[in-house]
Amino acid sequence: MNHDPHVLLRVIAKFLIPLIALFAFYVQFHGDFGPGGGFQAGVILAASIILYSLIFGLENAKQAFPPILIRIGMSLGVLLYGGTGVVAWMQGGEFLNYSVLAHDAIHGQHWGILAVELGVFCTVTSVMIAIFYAFGSRQPQTSEEDW
Amino acid sequence: MIANIIGAVPTSPLISTLLLDIGLLTLLVMVAFAIVRMRSLFAIVMLQGVYSLVAAAWFVTLDAVDVAFTEAAVGAGVSTVLMLAAMLLADRESTPVPMSRQWGPLAVVLIAGMAMLYAVPDLPSYGDANSPANSYVGTDYLARTAVEIDVPNVVTAVLASYRGYDTFGEVVVIFAAGLGVLLLLGLDGNAGRFRAQVMGRKLSDTSAPTGSTDKTASTSQRRKSSGGGGGKSSLGAPPSITRYEGGAS
């Protein structure tokens, strides 16, 4: 560790990664009021895990975000989105018509948008990390001089 | 066109915005030319990230903050990393194409560019109140969001509620993309257990084919494989095989 050439990178990344992940959740839940939403938040959360993987190695990243979560997350997101539509259907409205989800239409819309954005968030995060894991696991380790 | 825009609204902030737009677009063109003229793929990937960041800044000046957000996160962040990962599997330098093979692409680019320039006068001018984006269904969404959905960000309301079907389709597309990657590459890539049958010969399970220029590893691997499989097998070997070292750096 004495001769670790990336000590600065590691220290700064350790400070930044939690902030990036927190910002992702801010973008997710503040999407109704400011710019952002499920898609952007998902990409930002995935970017924080990809950054962790770049700095600390793929094996550590796979411990922080286990690959089993990917399969669950990406299907859960689509199910959550489609399920919201089906629930609205069951309640007597059209598919994805959120107005019937709560006692009044505006509340129903709020609930619907929240659920749908959560679904987008799950799928986008999982798929982005899945693509990175799939590509990142393929390549052999690159030596320092090779760059 | 430009004189038209400035003449329409004579306030000074718009002129400064226009200057900013022109500056950012000039930067974009410069970065694009730099990308075309580069040979080092690493520098090209980095410049593509720069291009996305400048484009995101330009989207902010156009008040398309949601688009700028996505461009910065996807274009400059995730796709740069994915391009880097793809580059590591291929070569580090692009081979120059001889001039004789570039006349066809040049003709295509010139014709397409002239067609686009021909279409420019038909575009609505910047900030035109009667443009298709500012009339028809767009104004309808703006007027109804406050009453029907009561969400300050109209983009979210349109995306998740009025256009819920479209967004559902997008999510399914992303899901399908992830599914395709998982089916083709697997979650662990081929790290540590690469298996393939090339011309009837089983490749070893600790190596994955790459385009890396690590000649010593590839020749030693190839020698080893040709020893086992007879004279024909050297034909079936991938361009180069580098040993996977495993573990984190």
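Student: How many residue pairs are in polar contact across the interface of chain B and chain A?

Tutor: This is a predicted model, in which local features need pLDDT of at least 70, side-chain atom pairs count only at pLDDT 80 or more, and totals for chains, interfaces and linings use all residues. Residues are numbered from 1 along each chain as its sequence is written, chains are lettered from A and ligands numbered from 1 in the order in which they are written, and side-chain values use heavy atoms, leaving out hydrogens and water. A polar contact is a pair of N or O atoms within 3.5 Å; within protein, one must be able to donate a hydrogen and the other to accept it, and residues adjacent in sequence count only if both atoms are side-chain atoms. With both residues at pLDDT 80 or more, the number of pairs across the interface of chain B and chain A is 13.

Student: How many salt bridges are there between chain B and chain A?

Tutor: A salt bridge needs a side-chain nitrogen of Lys or Arg within 4 Å of a carboxyl oxygen of Asp or Glu. Over all chains the structure holds three. Between chain B and chain A the count is zero.

Student: Which residue forms a salt bridge with Asp140(B)?

Tutor: The partner lies with Asp140(B) in helix α6 of chain B, four residues away, about one turn of the helix. The closest N and O atoms are 3.3 Å apart, and the partner is Arg144(B).

Student: What area is buried between chain B and chain A?

Tutor: Buried area is the accessible area (1.4 Å probe) that two parts lose on being put together, summed over both. Carbon and sulfur atoms give 73% of the area here, and the total is about 5,100 Å².

Notes. Helix = DSSP H or I, 4+ residues; strand = E, 2+ residues; numbered from the N terminus.
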